[in-house]
Amino acid sequence: MKTGLKFSVFCLALIGIGSCSTQKDRFLNIEYHSLNTKFNVLFNGEEALDIGSAILASQAQDNFLTTLAVELITLDGEDENATASIPSFIRAEEKAVKAIQKHSLKINDIQYNRQIDDAYLLLGKARYFDRRFFPALEAFNFLLESPTNRNSYVEGKIWREKTNIRLRNEELAIENLRPLARSIFPSNKFYSLANATLAESFLNLKQLDSASFYIKRAALEAPKRKNKARYLFITGQLFESLGKRDSAEWAFKEIIALKRKAPKKFLLQAKIKKTLLDTLNTLTDRVSFLQKILKNYENQTFEHFVNRAIGNLYLKQKEDSLALVYFDRSIDSPYLDPYTQIENNKDLADYHFKEGNYFISGNYLDKLLPLFDETSLAFKKIKRKRENLSGVIFYEQNIKKTDSIIYLMTLILELLFNTQMQKVK
């Protein structure tokens, strides 16, 4: 409160001596606009951005059954091609625009207000999270044209390439960012972000070796525990995809070692993945470990993940009846998320198809269809598969019906034959 009062008095004093102009590079004029930008406009804008980011982090949903996204920017069910539904990002943008319009001191192509770089960063980030990527790119390019300090330049360059990735310009992002990621030291506060952004580029291009290299670098130096856990989990997933089981186990063990410092969902998923990859312990030991997780009331909201994992363990060991029990338990969980629901139904449809239970397989495909948008490619593929299966089921039923008729006719003929033979006797 005292600081705010002193700042207000200081500003009034500056205003009183005519230091509000944006066309003068005098010391008092520069200090007035810099302080007003930082403590008034930008403070409120950055606070709005933080609120929007917190909402996004709490409501966005990860799909742990596929390789995780390096960064989530959509709420569950949102279309990534549409603007965000979080108003805090719009407020942050408005504050950034106000800072630039009212407090920019660009005279003779020199920016004297050192806070304008932060204003352009805020503007670009707000537009980025609002999923308006072309305007975001414009803001970051403005910043990079004449940065006033090294940190702003480095951060702005990374965020520009993050935006290029969203615009599907992965090759350009790699070309612009790889020299920077290789040149900055691990102690640099932007080291992790630069490497994670590069990893995302390679991941989108399906270059898993390069993606695993950079995401591991990002994970080892990530300053925030939640980012460290995410990057480590992606590292484990990529090593698993590359067939590097030991390296994958190492990544998941690193998350487990974080204990409660890691977000709950990453900690539990790491325990599941480590158990599935484990080849040293017996099936009984691994199932017992997962069942122990189920008994902990703190893990109740994750029971569908654990039951699915147990089902997979039994399925790999040809314990089909037990596997089906746990898959059903996963499906029946009140905490079941759409991603797990989809994968469970897919797995069960495939299992029953291989077993020749086409009618049951068709029922699971029927449950899958409502879980997809009718215009999506996935919906069309499942629908075509279901239609093809309908033909198989139709012919199978006809064959069974024909076999039944033939069997019945055989019984009748045998009966008639036996009757005739008795009459002859």
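This report walks through the contacts around one buried glutamate, the salt bridges, the aromatic pairs and one helix of a predicted model.

**Around Glu71**

A good place to start is Glu71, which sits in the loop between helix H2 (27-59) and helix H3 (87-103). Although it belongs to a loop, Glu71 counts as buried because its relative accessible area is 16%, and the cut-off for buried is under 20%. Its side chain makes a polar contact with the side chain of Tyr128 at 2.5 Å, and another with the side chain of Lys162 at 3.1 Å. Leaving aside residues up to four places away in sequence, Glu71 touches Tyr128, Phe129, Trp159, Lys162 and Arg166.

**Salt bridges**

The structure holds 16 salt bridges, and three of them are listed here with their N to O distances.

| Pair | Closest N and O atoms |
|---|---|
| Glu161 and Arg160 | 2.8 Å |
| Arg166 and Glu200 | 3.7 Å |
| Asp350 and Lys385 | 3.1 Å |

Let us take the Arg166 and Glu200 salt bridge. Arg166 lies in helix H6 (residues 150-166) and Glu200 in helix H8, so this pair ties together parts that are 34 residues apart in sequence. Both Arg166 and Glu200 are buried. The Asp350 and Lys385 salt bridge joins helix H16 (residues 338-354) to helix H18 (residues 377-424), so it ties together parts 35 residues apart in sequence. Here Asp350 is partly exposed, at 33% relative accessibility, and Lys385 is partly exposed too, at 41%. Returning to the start, salt bridges with shared partners join Glu71, Lys162, Arg166 and Glu200 into one network. As for the pair Glu161 and Arg160, both residues are buried.

**Aromatic pairs and charges over rings**

A search of the whole structure finds 17 aromatic pairs. One of them is formed by Phe202 and Tyr214, which are stacked, with 5.7 Å centre to centre and 5 degrees between the planes. This pair links distant parts of the chain, with Phe202 in helix H8 (residues 191-204) and Tyr214 in helix H9 (residues 208-221), 12 residues apart. Tyr214 also pairs with Phe213, this time edge-to-face, at 4.9 Å centre to centre and 85 degrees between the planes.

How buried or exposed are Phe213 and Tyr214? Phe213 is partly exposed, with a relative accessible area of 39%, whereas Tyr214 is buried at 2%. Phe202 is buried as well.

Elsewhere, ring pairs link Phe64, Phe233, Phe252, Phe266, Phe302 and Phe305 into a cluster. Rings also meet charged groups: the charged end of Lys216 sits over the ring of Trp250, 4.9 Å from its centre, and the charged end of Arg329 sits over the ring of Tyr326, 4.7 Å from its centre.

**Helix H12**

One member of the phenylalanine cluster, Phe266, is also among the buried residues of helix H12. This helix covers residues 264-277, which makes 14 residues, and reaches 20 Å from its first C-alpha to its last, close to the 20 Å expected at 1.5 Å a residue. Its buried residues are Phe266, Leu267, Leu268, Gln269, Ala270, Ile272, Lys273, Thr275 and Leu277. They pack against helix H10 (225-241), helix H11 (245-258), helix H13 (283-295) and helix H14 (303-316).

Notes. Residues are numbered from 1 along each chain as its sequence is written. This is a predicted model: local features need pLDDT of at least 70, side-chain atom pairs count only at pLDDT 80 or more; totals for chains, interfaces and linings use all residues. Side-chain values use heavy atoms; hydrogens and water are left out. Helices (H or I, at least four residues) and strands (E, at least two) are DSSP runs, numbered from the N terminus. Buried means under 20% relative accessible area, exposed over 50%, partly exposed in between (1.4 Å probe, protein chains only). A polar contact is a pair of N or O atoms within 3.5 Å; within protein, one must be able to donate a hydrogen and the other to accept it, and residues adjacent in sequence count only if both atoms are side-chain atoms. Contact means heavy atoms within 4.5 Å. The expected span of a helix is 1.5 Å times one less than its number of residues. Rings of Phe, Tyr and Trp (its six-membered ring) pair if their centres lie within 6.5 Å; planes under 30 degrees apart count as stacked, over 60 as edge-to-face and the rest as tilted. A charge sits over a ring if NZ of Lys or CZ of Arg is within 6 Å of the ring centre and within 35 degrees of the ring normal. A salt bridge is a side-chain nitrogen of Lys or Arg within 4 Å of a carboxyl oxygen of Asp or Glu.
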